[in-house]
Amino acid sequence: MMTTIIDGKAIAADLREKVAQAVSALKSTHDIQPALAVVLVGEDPASQVYVRNKGIATEKAGMKSIEHRLAADASEDDVVNLVRKLNAEEGVDGILVQLPLPSHISSSRVINEIDPDKDVDGLTEVNAGRLILGKDGLVPCTPQGSVIMAKTVRPDLTSLNAVVVGRSILVGKPLSMLLLAENCTVTMAHSRTADLAAVCREADILCAAVGIPRLIKGDWVKKGAIVIDVGINRVEEGGKSRLVGDVDFDSAKENASAITPVPGGVGPMTIACLLRNTVVAAARRRGVGEIDL
Ligand SMILES: NC(=O)C1=CN([C@@H]2O[C@H](COP(=O)(O)OP(=O)(O)OC[C@H]3O[C@@H](n4cnc5c(N)ncnc54)[C@H](OP(=O)(O)O)[C@@H]3O)[C@@H](O)[C@H]2O)C=CC1
Ligand SMILES: Nc1nc(=O)c2c([nH]1)NC[C@@H]1CN(c3ccc(C(=O)N[C@@H](CCC(=O)O)C(=O)O)cc3)C=[N+]21
Ligand SMILES: [Mg+2]
């Protein structure tokens, strides 16, 4: 079977170009430069890489990038106070607190301090509620990117059976809600699911957001299914460190009609959607209205 490898890098580059055009229009017609503030607590090396990549992408799109780094032993109140300060700054349109936070800090308390209209990660209770209720809000970036990629190969997802493996607040739950809004019949699978393989085999769209390298085997993939692999797992192989997804790509490719690779799949789309949310938030907050990207 001919299998489409969904090129997340290329789709992300397209979206970033559209974001850059919207930013440039905001500047010339309204003298607005959208700004994204990223808060990083501690020295986690993987997080540092993401934060740096986000900063570079933000500036390339013509937006302002602000980074706040706190020491790993910063208190919960330190982080909350920083978020409150960023909420109050007129020039800040988006706030992203990099997760996970050190274990002595409640991520739920910190996240819910973010002004929902600046919550470009879409993780506050207000935005989660808006997503469930079908109201305009800010939608989590990784789920958004996942659906955009599926729609590049199948523009109308109506009536498809979607299986989402993983039910995290960051990925699995919001992704399930977005697929439901696309009129899929959605099944949410997780660590307590009985016979995960059998559940996956029913999927026309199979989304994996688990965090276990190559958990999903090729023979769990229905012939012709669309496979969206959200997982980003670092493994040591043949003395080298590399990134793999939650799907066993080589065997899954044999059955799928389309599949996202890792790297070069959902990851780059996450960053592009973060930039999109930032320009959307800036236009709403500053009274320019809706931006359609
Ligand atoms: N591409 C991107 O931009 C991003 C990628 N990621 C990656 O996506 C993956 C998931 O991230 P995240 O959602 O934050 O992870 P979490 O650890 O928060 O959630 C993992 C989910 O997987 C479920 N799970 C665990 N083991 C199994 C199993 N054996 N069978 C079925 N389900 C299982 C858990 O179930 P239960 O609820 O029952 O415990 C849980 O719901 C990771 O690899 C992460 O690195 C994350 C964010 C962005
Ligand atoms: N508040 C918050 N929001 C997040 O969205 C968030 C977070 N915290 N914590 C960590 C996870 C992870 N995440 C990634 C984003 C982009 C890539 C990415 O660009 N990956 C590239 C390259 C990866 C590489 O080479 O290291 C790829 O997959 O091709 C990966 C992972 C966002 N996350
Ligand atoms: Mg914590």
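**Figure 1. Classes of residue in the shell around ligand 1 of the predicted model.** The shell comprises 12 polar, 11 nonpolar and 2 charged residues. Glycine is counted here among the polar residues. Of the 25 residues around ligand 1, those that come nearest are G166, S168, S191, G211 and T270.

**Figure 2. Helix α10 and the shell around ligand 1.** Which helix gives the most residues to this shell? Helix α10, formed by residues 266-285, makes that contribution, with 3 residues.

**Figure 3. The buried face of helix α5.** Helix α5 spans residues 125-133, and within this helix N127, A128 and L131 are buried. Viewed down the axis of α5, the buried residues fall within an arc of 105°, and therefore they line one face of the helix. A residue is called buried here if 20 or more other C-beta atoms lie within 10 Å of its own C-beta atom. The packing partner of the buried residues of α5 is helix α7, residues 172-181.

**Figure 4. The other side of helix α5 and the residue that follows.** Which residues are exposed on the other side of α5? They are E125, G129 and L133. After α5 comes G134, a residue with a positive phi, near 75°.

**Figure 5. The two domains of the protein chain.** The chain is divided into domain 1, covering residues 31-115, and domain 2, covering residues 141-268. Between the C-alpha centres of domain 1 and domain 2 the distance is 28 Å.

Conventions
Residues are numbered from 1 along each chain as its sequence is written. Chains are lettered from A and ligands numbered from 1 in the order in which they are written. This is a predicted model: local features need pLDDT of at least 70, side-chain atom pairs count only at pLDDT 80 or more; totals for chains, interfaces and linings use all residues. A residue is buried if 20 or more other C-beta atoms lie within 10 Å of its own, exposed if 12 or fewer, and partly exposed in between; C-beta atoms are placed from the backbone. Helices (H or I, at least four residues) and strands (E, at least two) are DSSP runs, numbered from the N terminus. The arc is that of the directions from the helix axis to the C-beta atoms. Two residues are in contact if their C-beta atoms, placed from the backbone, lie within 7 Å. A residue is near a molecule or strand if its C-beta atom, placed from the backbone, lies within 6 Å of it. Domain bounds come from an automatic or database domain assignment.
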